[in-house]
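Me: I have a chain open and want to go through it with you. Short answers are fine.

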Amino acid sequence: MGSGIYSLGTRAMFASQAMLDTTAHNISNVNTPGYSRQQVELATEGGMYTGAGFFGRGVRIATVTRSTNEFLIKEANVNTAASAADQTRLGKLEQLEKILPTGQNGLGYAATQFLNTFVDVSNQPQDMSARQVTLSRAQEWANRVNTAAKQLDQQQAGVIMDMQTSVSQVNSLTQKIAGLNQQIAVYNGSGHTANDLLDQRDNLIKDLNKLVQVNTVEADDGSLSVFMGGGQVLVLSNTAQTLKVERDASDATKGRVALVTNGTSRVLDSGQITGGALQGLLRYQDEDLTNTRAELNNFVAEFANKVNEIHSYGQTPDGAYGDPIFSNTGSPSTLRVNLSNPKDLAAASPLIAHTNTANTGTVSVGGVTMTGTLSTATPPTALPLTINFVADATAASGIRYDIVDGGGTTLASSAWVAGTPLDGSSLNPPFSLNLSGAPADGDSLTMQAINASTLPGNNGNALAMLALRDHQFTGLGGATVTDAYAEMIGNLGVKVQDGRIAAGLSKTLEDSSNQTLSSTAGVNLDEEASRLIQFQQSYQAAAKVLQVAQTVFDTLLNITR
């Protein structure tokens with residue numbers, strides 16, 4: 001009897017001690033990331049048969065398990081990957097937003113300020129200081145364009161660096177997971193689970209999902225195979241594959257993620273990377289940054305080309321046609337101001353117009369705007385031109401105009417409309433004539449060629465350059481330069497706002513799933529404190545059993561003396 005009660009008490013004490021140790025282990029790791037609460041699993045020791053029946057032999061420790069829920073773990077990992085992707089993209093979008101500022105620091109404002117300088121140039125075409133201001137404003141706009149383009153290039157370079165950092169972290173994590181697989185498989189053969197190692201591996205999987213979304217499949221030996229969202233193997237048992245960053249074959253400025261297998265790398269399609277920071281970086285690179293760069297390139301090219309086009313129609317003070325103001329090689333980062341001498345500004349128009357002194361109406365010349373250069377493909381229009389205003393009942397205004405060349409041939413006729421320039425687009429060179437007032441039947445205008453060197457006050461092309469402030473650029477959706485830039489900023493703002501909403505939603509889902517997992521598998525100090533008291537009492541009771549056994553044994557010894 002003494003031997004039996006000793007054995008029962010000892011087993012009870014060992015069981016209570018194990019539960020106390022496990023509870024202390026839980027309390028110690030309450031703040032350890034990824035730790036799952038552990039508990040001792042007890043089982044009744046098999047009974048001992050005697051002639052008087054079966055007598056219990058106490059308790060035994062079956063194993064130590066951890067609280068876990070595979071469904072909640074996978075849900076948390078999916079939400080973690082989505083949140084990491086959205087947060088990474090948002091961070092980049094917020095940086096991108098600062099590259100294209102609004103207000104007086106913006107490209108639209110600088111372009112308008114450049115065009116505004118032609119007010120002074122048109123008022124005083126011979127004033128070299130006014131012309132110098134124009135070149136200075138052109139340089140300021142070019143500088144802002146260069147800065148924005150270079151910052152976009154830096155953004156792309158930053159994306160490549162972040163991708164390389166993320167890939168390096170992925171490779172490190174997969175190596176650690178493969179190593180833990182090896183250890184877990186060894187211990188799994190003992191029939192018991194290596195709980196702390198499993199927690200470490202789960203935590204590494206979670207960290208891996210922050211970089212790239214993965215799925216896992218458990219093998220019979222307890223090891224986990226890890227696959228990317230597109231099905232590519234990253235870890236198989238105790239072997240890990242590696243990722244690397246390569247340059248895009250069609251655009252060397254962009255980076256691509258490649259999977260290295262047996263020394264051979266294979267570039268992965270962006271769609272095969274379905275979550276994590278890498279997915280956020282790729283989406284930002286392929287969509288947000290690419291689209292913004294394309295919009296900036298188009299904005300700069302449309303404006304610079306139109307400025308150069310209009311400038312080429314005019315003449316410098318020396319009578320030469322205007323050279324391009326901007327040297328645009330196709331990339332905003334290389335945009336330059338092509339002129340350095342204020343005399344090279346072509347403010348004069350090669351054509352001038354004046355009214356006939358015998359006119360009876362109030363019509364006056366506002367300015368001649370060239371809409372093209374002299375073409376060599378067709379004979380030039382014979383000058384001077386006479387524009388005759390004739391009564392015409394079919395015209396809404398009652399007046400039409402006829403453009404007659406120097407040989408007396410009528411080249412064009414159209415109804416006169418108040419506020420609408422006279423259209424000479426069919427002539428060589430083509431032009432547009434702005435008028436004010438109203439002509440009367442029989443009034444006329446004369447247009448003739450002029451060399452700017454013989455008429456220093458000629459400002460026709462300066463007025464044409466000034467008119468670009470209100471020009472609706474076809475390549476910019478019919479918007480003015482100011483509105484086009486505002487629309488580009490607006491598009492970027494919408495992307496940033498959408499990014500904030502997506503990041504906020506995915507972060508909420510991540511926090512919710514992590515909280516649910518923690519409530520299921522995490523350590524609750526109140527519960528552990530309660531268990532600590534319970535197991536302490538059971539330990540004391542087991543000790544009391546041993547004390548009673550000792551007393552019984554001592555009594556038996558005393559009887560035999």
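Me: Gln 285 first: buried or exposed?
Reply: Gln 285 counts as buried, because its relative accessibility is 0% and the cut-off for buried is under 20%. Keep in mind that this is a predicted model.

Me: Which element is Gln 285 in?
Reply: Gln 285 sits in helix H7, which covers residues 276–313.

Me: And what does Gln 285 touch, not counting residues up to four places away in sequence?
Reply: Gln 156, Val 159, Ile 160 and Met 163 are on the list, along with Lys 254, Gly 255, Arg 256 and Thr 290.

Me: Stepping back, how many helices and strands are there in the protein chain?
Reply: The protein chain has 10 helices and 21 strands.

Me: What is the radius of gyration, and what would a compact globule of 561 residues have?
Reply: The protein chain has 42 Å, whereas a compact globule with that number of residues would have a value near 24 Å. Along the principal axes, the C-alpha atoms fill a box of roughly 155 × 45 × 45 Å.

Me: What percentage of the residues is buried?
Reply: Buried residues are 42% of the 561 in the protein chain. On the outside, the chain exposes about 26900 Å², and carbon and sulfur atoms supply 52% of that.

Me: What about contacts between residues 24 or more positions apart?
Reply: Those pairs account for 68% of the contacts in the protein chain that have a separation of 6 or more.

Me: Now the core. Which residues touch the most other members of the largest nonpolar core?
Reply: Trp 141, Phe 299, Phe 326, Phe 431 and Leu 433 do, in a core of 103 residues. Helix H5, residues 128–188, gives the largest share of this core, with 17 residues.

Me: Any general background on that?
Reply: In soluble globular proteins, nonpolar side chains tend to be buried together.

Me: What is Trp 141 in contact with, leaving aside neighbours within four places in sequence?
Reply: Trp 141 contacts Phe 299, Val 300, Phe 303 and Ala 304, and also Leu 107, Ala 110, Ala 111, Phe 326 and Leu 335. Phe 299 and Phe 326 were named above among the residues that touch the most other core members.

Me: Different topic: where is the peptide bond cis?
Reply: One cis bond runs from Leu 383 to Pro 384, with omega near 0 degrees. Pro 384 is in the loop between strand S15 (364–370) and strand S16 (385–391). Another runs from Asn 428 to Pro 429, with omega near 5 degrees, and Pro 429 is in the loop between strand S19 (422–424) and strand S20 (431–436).

Me: Thr 381 is in the loop between S15 and S16 too. Buried or exposed?
Reply: Thr 381 counts as buried, at 17% relative accessibility. Leaving aside neighbours within four places in sequence, Thr 381 is in contact with Asp 405, Leu 411, Leu 427 and Asn 428. That last residue is the one joined to Pro 429 by a cis bond.

Me: Which residue other than glycine has a positive phi?
Reply: Ser 237 is one, with phi near 60 degrees, and Asn 262 is another, with phi near 55 degrees. Ser 237 is in the loop between strand S7 (233–236) and strand S8 (239–240). Asn 262 is in the loop between strand S10 (255–261) and strand S11 (264–267).

Me: What are their accessible areas?
Reply: Ser 237 is partly exposed, with a relative accessible area of 29%, and Asn 262 is exposed, at 78%.

Terms used: Residues numbered from 1 in each chain as written. Predicted model: local features only at pLDDT ≥ 70, side-chain atom pairs only at ≥ 80, totals over all residues. Heavy atoms only, no water. Core = buried A, V, L, I, M, F, W, Y, C linked by side-chain atoms within 4.5 Å. Buried < 20%, exposed > 50% of the residue type's maximum accessible area, 1.4 Å probe, protein only. Helix = DSSP H or I, 4+ residues; strand = E, 2+ residues; numbered from the N terminus. Contact = heavy atoms within 4.5 Å. Rg over C-alpha atoms; globule rule 2.2 N^0.38 Å. Areas by Shrake-Rupley, 256 points an atom, 1.4 Å probe, with all protein chains shown as cover.
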